[in-house]
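Work through the following exercises with the structure open beside the text, and try each task before reading its solution.

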Amino acid sequence: MKIIRKGSAKWSGGLKDGKGLISTESGALTDYPYGFSSRFEGQKGSNPEELIGAAHAACFTMALSLALNEAGFTAESLETSAKISLEKLDTGFSVTASALTLTAKVPGIDDATFQKVAAGAKANCPISKLLKADISLDAKLS
């Protein structure tokens with residue numbers, strides 16, 4: 001089975017003065033603005049790194065839900081954030097890390113089992129497999 005999802009981007013102008021629009025096939029984003037200032041200067045608009053972060057957090061959380069179910073547990077809640085590191089290296093800018101932070105409520109699970117299941121989900125989520133960055137996970141039961 002092969003599933004294909006699409007995202008798109010439009011751009012006009014130079015790097016620093018240009019403006020871009022991003023869209024997703026689902027319509028969750030339609031011509032949403034992004035640009036140099038939103039990527040590097042903290043201005044309003046989106047950027048590729050936050051989109052990767054949202055995708056990684058969502059993918060990991062779904063993978064964890066599945067892994068917990070397979071281990072005989074059902075999460076009451078899973079809340080994940082991902083901090084994506086963009087660094088200027090000698091070879092140019094690179095995404096170098098994705099730091100996942102998870103807070104979970106999972107009735108009946110002990111911490112050792114939880115950590116093992118969470119680590120497996122981190123390693124096996126499709127977006128983790130896609131990224132060639134250092135991916136860390138800070139997982140806490142509450």
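The exercises below concern one helix and the largest pocket.

This is a predicted model, in which local features need pLDDT of at least 70 and side-chain atom pairs count only at pLDDT 80 or more, while totals for chains, interfaces and linings use all residues. Residues are numbered from 1 along each chain as its sequence is written, and side-chain values use heavy atoms, with hydrogens and water left out.

**Exercise 1.** Check the span of helix α2 (residues 48–70) against the expected value.

*Solution.* Helices are DSSP runs of H or I with at least four residues, and strands are runs of E with at least two, numbered from the N terminus. The expected span is 1.5 Å times one less than the number of residues. For the 23 residues of α2 this gives 33 Å, and because the end C-alpha atoms lie 33 Å apart, the two values agree. Beyond the helix comes Gly72, with a positive phi near 95 degrees.

**Exercise 2.** Identify buried residues of α2 and what covers them.

*Solution.* Taking buried as under 20% relative accessible area (1.4 Å probe, protein chains only), the buried residues include His56, Cys59, Phe60 and Leu64. Next, with contact meaning heavy atoms within 4.5 Å, the covering elements include α1, α3 and α4, together with β4, β5 and β6.

**Exercise 3.** Describe the lining of the largest pocket by element and by class.

*Solution.* Begin with the elements: α2 gives the most, with 9 residues, and α2 and α4 each supply at least two. Then turn to class, where the lining has 13 nonpolar residues, no polar and no charged.

Technical notes
Buried means under 20% relative accessible area, exposed over 50%, partly exposed in between (1.4 Å probe, protein chains only). Ala, Val, Leu, Ile, Met, Phe, Trp, Tyr, Cys and Pro count as nonpolar, Asp, Glu, Lys and Arg as charged, and the others, Gly among them, as polar.
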